[in-house]
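Here's a quick tour for anyone opening this one for the first time. Have a look at the picture, then read on for the helices and a few residues worth finding.

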Amino acid sequence: MSVQERKDRERADRERLIVATARDLAEQQGWDAVTTRRLAERIEYSQPVLYSHFRGKREIIGAVALEGAAEMAAAVRAATAAADGPRSRVTALARAYLDFAARNPAVYDAIFQLDGGLAFAHEDTPAPLKDAFAALLESLGEVAGDGVDPGLFTETFWAALHGLATLTRAGRLPPEHTEQRVELLVDRLAML
């Protein structure tokens, strides 16, 4: 291995460590606790080393969001691949999405609530965000209905899921009724 290859590998390892540490700290204590000073202390590198990877917290949030979007897409695809038929796939998608949001609140916030400097619904949207939407579209597009744009239907269903995830987490909706809400979405919105 050349010296440059070793340096590149070490740099990539440091970047992964920064992102993983920020994510862990945010999941434990919230995003307000994620500062470059705290991250530097936890990973045992100086703040200038952090700034050599990320210009600040916003870019770190963006990196966590991209990693989380890839994980969410994988979770949705795994859940829908195991389902048989459109109704089962859409139900599995909804459950997987809501479960991801509940199990990873700081990551979910990084993807959808916080400013990570990422463009959504644009030509320059990063690939992991596009792929997360594609994972939803793969199952929802098939049930959009005649004359309904599959992308628009997916956006609407996703918005409903996001609302359920956000309102449940905020204590605005009782969690014990989550399954009934999923069934209503599938029955009434997807009309399955």
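Let's start in the middle of things: the buried residues of helix 5 are covered by, among others, helix 4 (57–81), helix 6 (105–112), helix 7, helix 8 and helix 9 (178–189). Keep in mind that this is a predicted model. From helix 5 we'll move on to helix 4, then to another helix pair, and end with three single residues.

**Helix 5 and its cover**

- Helix 5 takes in residues 86–103, which is 18 residues.
- From first C-alpha to last, helix 5 reaches 25 Å, close to the 26 Å expected at 1.5 Å a residue.
- Which residues of helix 5 are buried? They are Val90, Thr91, Ala92, Leu93, Ala94, Ala96, Tyr97, Leu98, Phe100 and Ala101.

**Helix 5 meets helix 9**

- The two axes come within 10 Å and cross at roughly 140°.
- That angle makes helix 5 oblique to helix 9, since roughly antiparallel would need an angle over 145 degrees.
- As for handedness, the crossing of helix 5 and helix 9 is right-handed.
- On the helix 5 side, the residues that meet helix 9 are Arg87, Val90, Thr91, Ala94, Arg95 and Leu98.
- Helix 9 brings Thr178, Glu179, Val182, Glu183, Val186 and Asp187 to the meeting.
- Sorted by type, the residues of this contact come out as five nonpolar, two polar and five charged.
- Val90, Thr91, Ala94 and Leu98 turn up twice here: they are among the buried residues of helix 5, and they also meet helix 9.

**Helix 4**

- Helix 4 has 25 residues, which should span 36 Å at 1.5 Å a residue, and its end C-alpha atoms are indeed 36 Å apart.
- Its buried residues are Ile60, Ile61, Gly62, Val64, Ala65, Gly68, Ala69, Met72, Ala73, Val76 and Thr80.
- The cover over those buried residues includes helix 1 (3–29), helix 2 (36–43), helix 5, helix 6 and helix 7.
- So helix 4 and helix 5 each help to cover the other: helix 5 is in the cover of helix 4, and helix 4 is in the cover of helix 5.

**Helix 7 crosses helix 8**

- The axes of helix 7 (residues 127–140) and helix 8 (residues 150–169) come within 9 Å, crossing at roughly 110°.
- These two helices are therefore roughly perpendicular to each other, as angles from 65 to 115 degrees count that way.
- Helix 7 makes the contact with Phe133, Leu136, Leu137 and Leu140.
- From helix 8 come Pro150, Gly151, Phe153, Thr154, Glu155, Phe157 and Trp158.
- By type, the contact residues split into eight nonpolar, two polar and one charged.

**Three residues to look up**

- His53 sits in helix 3 (residues 47–53), and it's buried, with a relative accessible area of 10%.
- Setting aside neighbours within four places in sequence, His53 touches Arg11, Arg14, Glu15, Ile18 and Glu59.
- Most residues other than glycine have a negative phi.
- Glu44 has a positive phi, near 60°, and you'll find Glu44 in the loop between helix 2 and helix 3.
- Is Glu44 buried or exposed? At 71% relative accessibility, Glu44 counts as exposed.
- Ala121 also has a positive phi, near 55°, and its place is the loop between helix 6 and helix 7.
- Ala121 is exposed, with a relative accessible area of 79%.

Definitions and conventions: Residues are numbered from 1 along each chain as its sequence is written. This is a predicted model: local features need pLDDT of at least 70, side-chain atom pairs count only at pLDDT 80 or more; totals for chains, interfaces and linings use all residues. Side-chain values use heavy atoms; hydrogens and water are left out. Axes are lines fitted to C-alpha atoms, for helices over the stretch in contact, and angles run from 0 to 180 degrees between N-to-C directions. Helices (H or I, at least four residues) and strands (E, at least two) are DSSP runs, numbered from the N terminus. Angles under 35 degrees count as roughly parallel, over 145 as roughly antiparallel, 65 to 115 as roughly perpendicular and the rest as oblique. Contact means heavy atoms within 4.5 Å. Ala, Val, Leu, Ile, Met, Phe, Trp, Tyr, Cys and Pro count as nonpolar, Asp, Glu, Lys and Arg as charged, and the others, Gly among them, as polar. The expected span of a helix is 1.5 Å times one less than its number of residues. Buried means under 20% relative accessible area, exposed over 50%, partly exposed in between (1.4 Å probe, protein chains only). A crossing is left-handed if the near helix is turned anticlockwise from the far one by less than a right angle, and right-handed if clockwise.
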